[in-house]
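Hi there,

Here is the structure I promised to pass on to you. Have a look at it first, and then read on for what turned up.

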Amino acid sequence: MALPSADLGDGTYRNPVLDADWSDPDLLCVGDDFYLTASSFGRVPGLPLLHSRDLVNWTLVGHALQRLEPVREFSRPQHDCGVWAPSLRHHDDRFWIFWGDPDRGVFQVNAPEIRGPWTRPHLVKEGKGLIDACPLWDEETGEAYLVHAWAASRSGVKNRLTGHRMRPDGTGLLDEGEVIVDGDRIPGWFTLEGPKAYRHDGWFWIFAPAGGVETGWQGAFRSRGFFGPYEERVVLEQGATGINGPHQGGWVRTAAGEYWFAHFQHRGPYGRVVHLQPMRWDGRDGWPVIGDEGTPVAVHQKPDLPPQPLSAPATDDDFPGGRFGRQWQWAAHPPAGSRPRPSPGDPRAGWATQHSRDGLRLTCVRTPDADDLRRLPHVLTQRLPGTAVTVEVELRLDSEEPGARAGLAVLGDAFSWIGLQRHPDGSVRLVHRFAESVATGGPVRSVGPWGKERDAAVSQEAPEGRARLWIEAGAGARCRFSYDVGGGRVSSGQVFAATPWRWVGALLGLFALAPAGRGHAGAATFTHFRITATP
């Protein structure tokens with residue numbers, strides 16, 4: 001494990017417990033196991049599934065969504081679209097995940113086990129602007145409900161929560177829905193979204209954030225009936241702490257009778273990192289009290305659960321047999337008929353070719369968009385850690401095609417990459433390029449001259465067609481690039497400040513491509529990918 005656990009080893013933990021862009025988390029307890037899912041937007045596979053036994057040490061065990069639908073639409077990058085704010089539940093001996101796609105409606109998938117097999121996405125409610133969906137099965141009455149928020153960018157509606165009666169099997173809704181919480185009627189409240197519905201102590205509860213991603217607060221609403229009327233209270237806010245906008249998440253009860261709440265904190269280029277807060281119910285009025293009397297904790301006693309081995313979601317990869325780890329996601333779907341075909345039993349393979357040795361072998365995909373990584377579906381990405389790190393990978397370019405290239409990138413609304421390129425004279429050269437922000441959240445269709453890829457440093461010959469590449473990501477995600485093509489490590493270019501998309505943190509990426517044309521353009525092989533914490 002290259003990155004440290006949040007477990008401090010002395011019975012305490014530090015926040016964030018997941019220090020990367022696990023955006024809009026929801027939390028679930030089933031028996032002795034805890035599970036977490038998060039927004040995955042347009043990347044595939046989607047709906048990550050994390051597992052823990054103590055709420056502090058987490059591992060990534062899979063994804064619930066192998067293909068976003070409609071597949072054709074998600075065959076090009078849509079960095080801020082797709083899966084928004086999922087809700088994870090366990091009902092009728094099945095795991096369920098509901099989410100809102102802001103352009104299409106509310107979907108759900110379900111499975112008998114957390115590792116699957118998961119069903120294909122089922123459209124529960126069609127419509128524009130339907131986001132942050134959460135189901136509720138009332139075990140006392142057998143009734144089922146659904147609550148969702150609204151995206152003003154698609155519907156012109158926001159700051160309200162809509163409730164429905166739902167079929168108990170989760171396949172559809174039984175009414176047209178009604179507004180059950182109107183944030184416009186609550187003085188000072190705005191951007192009410194991200195609802196999570198529960199039953200507790202005879203009340204219907206909706207935990208929902210408001211106030212915006214960067215500076216908002218966590219609200220709680222309760223009513224004796226699902227459709228209201230609801231009373232509200234702010235139950236978590238920044239206060240005098242350095243944890244801005246501590247909101248949007250879910251809570252669980254442990255076997256020891258403790259309650260814990262997981263939420264995100266927006267951290268600019270790092271995206272939305274996950275914090276864990278103690279929670280209790282006030283014995284006087286029955287309202288939840290989260291963190292340190294309503295403000296977030298930075299360090300706290302761990303949950304009263306059996307000790308677990310230190311762990312954090314994997315980052316390193318040797319790519320055994322050409323296979324990549326669960327931490328990787330494509331920027332979009334491989335299009336129908338793409339080559340190479342995914343290997344049998346491995347729908348994630350996409351543009352990676354499996355083989356008998358170690359190393360990720362990526363096809364140099366021909367594309368008319370060779371100068372803009374933001375447009376390419378065949379970039380293999382993983383989250384940029386929220387702490388200072390050094391990223392390292394070895395690269396070999398196996399292509400005779402002029403213009404073919406491969407590299408290691410920091411990818412966001414702006415991007416920078418370092419790697420190898422075959423030049424018209426037949427030489428392979430070390431190149432370092434960047435492009436400025438284009439400030440778009442959907443498909444990248446066009447950019448101004450400032451958004452075009454440009455050289456970040458003078459190219460250098462790589463006589464063996466190999467290079468070792470590094471990115472040192474320091475405070476504020478300020479990245480320094482360097483390389484070694486046989487003569488020792490050399491710094492390259494200026495400092496590059498990583499940028500997020502609108503809702504997604506910056507990503508690390510590996511890619512291989514070639515200019516548009518005909519015929520196979522070769523491949524590139526990446527080995528020994530490592531991310532290590534920088535002191």
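Accessible areas here come from the Shrake-Rupley method with a 1.4 Å probe. On that basis, the chain exposes about 20,600 Å², and carbon and sulfur atoms supply 48% of that area. Please keep in mind that this is a predicted model.

Now for the overall picture. The chain's secondary structure comes to 38 strands and one helix. Its radius of gyration is 23 Å, which agrees with the value near 24 Å that a compact globule of 535 residues would have. Along the principal axes, the C-alpha atoms fill a box of roughly 75 × 50 × 45 Å. Of the 535 residues, 61% are buried. If you take the contacts between residues at least 6 apart in sequence, 59% of them join residues at least 24 apart.

You may also like the charge count: there are 57 positive and 63 negative charges in the chain, and their mean positions lie 6 Å apart.

The part I spent time on is an open sheet of seven strands. Its order is 24-25-38-28-34-35-36, with antiparallel pairing. Which strands stand at the edges of this sheet? They are strand 24 (352–353) and strand 36 (490–497); each has a single partner strand, so one side of each is left without a neighbour in the sheet.

Strand 38 is a good place to zoom in. Strand 38 (residues 523–533) pairs with strand 28 (residues 389–398) in the antiparallel sense, over nine bridges. Within that pairing, E394 has T527 of strand 38 as its bridge partner, and V391 stands opposite I531. Strand 25 (residues 360–363) also runs antiparallel to strand 38, and four bridges join the two. There, L360 stands opposite F526 of strand 38. As general background, strands of a sheet pair through backbone hydrogen bonds, either parallel or antiparallel.

One last residue to click on is R115. You will find R115 in the loop between strand 8 (105–111) and strand 9 (122–126). Is R115 buried or exposed? Its relative accessibility is 58%, and exposed means over 50%, so R115 counts as exposed. From R115 to G211 the separation is 96 residues in sequence and 35 Å in space, C-alpha to C-alpha.

Happy browsing, and do write back with any questions!

Best wishes

Technical notes: Residues numbered from 1 in each chain as written. Predicted model: local features only at pLDDT ≥ 70, side-chain atom pairs only at ≥ 80, totals over all residues. Heavy atoms only, no water. Rg over C-alpha atoms; globule rule 2.2 N^0.38 Å. Buried < 20%, exposed > 50% of the residue type's maximum accessible area, 1.4 Å probe, protein only. Contact = heavy atoms within 4.5 Å. Lys, Arg positive; Asp, Glu negative; His and termini not counted. Charge placed at Lys NZ, Arg CZ, Asp CG, Glu CD. Pairing = 2+ DSSP bridges.
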